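Thanks, everyone. Let's go through the charged side chains in this one. Please have the sequence and the model open.

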Amino acid sequence: MQRQTLVITGMGAVTPIGIGVPAYWDALVQGRCGVGRITRFDTADAAVQIAAEVRDFDPTDYMPKTLARTMDPFMRFAFVAAEEALADSGLSAPPCPDRTGIVMGTAMGGVTTVAQTQAAFDAGHRVGPRFVPMTLGNVAAAQIAIAHDIRGPSLTVGTACSSGGDAIMTAALLLQSGAADAVLAVGGESILCPVVVAGLAQSKALSRRNDDPQTACRPFDRDRDGFVIGEGGGALVLETEAHARARGAHIYAVLAGWANTNDAHHVTAPCPDGAGAADCMRQALARAGMQPGEIGYINAHGTSTPLGDKAETLAVKAVFGGRQTAPPLSSTKSATGHLMGAGGLTEAIACIKAIEQGILPPTLHLATPDPDCDLDYVPNTARRAAITAAMSNSLGFGGQNSSIILRDYLK
């Protein structure tokens, strides 16, 4: 079967720095940071007291109250991002429902509902009838499908922090296989509950810069000390070019390449030399039929962990020929925190906007250079740059690696 050109026709975002793609992108460019003290529960005795919460979010501004009550927060974020992306693409009411699909990405699904329900149950309260469906990752996709009569393929991927990127890739595979003409790739995450925060703190994965939340997430900086939990949702509508053009859709970008690999090294730590991530980037480039020099910008995974940032730096050098020839890269997690399953989608949106606007979003809080992280990370301030292609990397627990390549659309 001849490979079809795949295009992006809709985008949606719910993030700690803005709800809706325009607000999200403007905050990235302006260098705003969404990290603050946790407000969802009492952290007085907690080792980690900071996160990037989606603030000023009332789900009933976007959906009926009766629907909002049936959803875990991760579902609400995904639903609102999906609403924006579908409206943006003109597919809120798909003309061929059975040829339209959904791929949902989430790392931990309804874990906050599980934690809250267990605490209430232990205190003697009954478990409600909505408990199980509120915890299931695929029910987020089901809620969107019900709202928009989407009756094509529906899949949910849970590949930790690469879930969003892998949702894009899975959507692409469905389109290339002929199973659908349009697919919504959507991700959602909200893991802010005491047990998860404590567990990640115990594993020494999180920043403990409680006295300075705004600069706690500092990817590639010498003084980085762990990632900051974020939450939110992201969505992209992917279509075959023929389908998009036939209905006169606006095309934002081409999904040129994608890949998924596994380090086969460790369940939490990355391969120290970044070999698995490097293989993933090479495979994405090969699928796109592109040379490394054609990539003008990389949205790095860049979580602000000591091992992860160093390994990703080494991987980029291995693929792009060293420090002198590597393209600029930045970590937008410095602004949003780590959105986990939603991150691959919101970060792909940042790549599309970078191509469209000719602006590279910065890596915030990069104050002290690290000899092990010596690339051009677009420090602290957005930069004007005319680029035609960008790569988004997402790397997750379990050795998961995802690389997505987007390029401008030339009619």
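**Charged pairs and one unpaired aspartate**

Start with Arg209. This residue counts as buried, because its relative accessibility is 19% and the cut-off is under 20%. Keep in mind that this is a predicted model.

What does Arg209 form a salt bridge with? The partner is Asp225. The closest N and O atoms are 4.0 Å apart. Arg209 and Asp225 both lie in the loop between α8 (194-202) and β8 (232-240), so the pair ties together parts that are 16 residues apart in sequence. Asp225 counts as partly exposed, at 28% relative accessibility. So we have a buried arginine and a partly exposed aspartate.

Next, Arg222 and Asp223. Their side chains meet in a salt bridge, at 3.3 Å from N to O. Asp223 is partly exposed, with a relative accessible area of 31%.

Now move to Glu347 and Lys333. Their side chains form a salt bridge too, with N to O at 3.0 Å. Where do the two sit? Glu347 is in helix α13, residues 343-357, and Lys333 is in helix α12, residues 333-336. The salt bridge therefore ties together parts that are 14 residues apart in sequence. Buried or exposed, for Glu347? Buried, at 2% relative accessibility. Lys333 is buried as well, and its relative accessible area is 2%.

There is also a network. Arg224, Asp309 and Asp370 are joined into one by salt bridges that share partners. For the overall count, the structure holds 18 salt bridges.

Now the unpaired case, Asp263. Look in the loop between β9 (253-262) and α10 (275-288). Asp263 is buried, yet has no salt bridge. Which side chain of opposite charge is nearest to Asp263? That is Arg282, and it is 11 Å away. The salt-bridge cut-off is within 4 Å.

What does the Asp263 side chain have, then? One of its polar atoms lies 3.2 Å from the backbone nitrogen of Cys271. Cys271 also appears among the residues that Asp263 touches. Leaving out residues up to four places away in sequence, the others are Pro270, Gly276, Ala277, Gly399 and Asn401.

To recap, take two buried acids. Glu347 is buried and meets Lys333 in a salt bridge. Asp263 is buried and has none, but a polar atom of its side chain lies 3.2 Å from the Cys271 backbone nitrogen.

That's it from me. Questions?

Definitions and conventions. Residues numbered from 1 in each chain as written. Predicted model: local features only at pLDDT ≥ 70, side-chain atom pairs only at ≥ 80, totals over all residues. Heavy atoms only, no water. Helix = DSSP H or I, 4+ residues; strand = E, 2+ residues; numbered from the N terminus. Buried < 20%, exposed > 50% of the residue type's maximum accessible area, 1.4 Å probe, protein only. Lys, Arg positive; Asp, Glu negative; His and termini not counted. Polar contact = N/O pair within 3.5 Å; in protein donor to acceptor, adjacent residues only side chain to side chain. Contact = heavy atoms within 4.5 Å.
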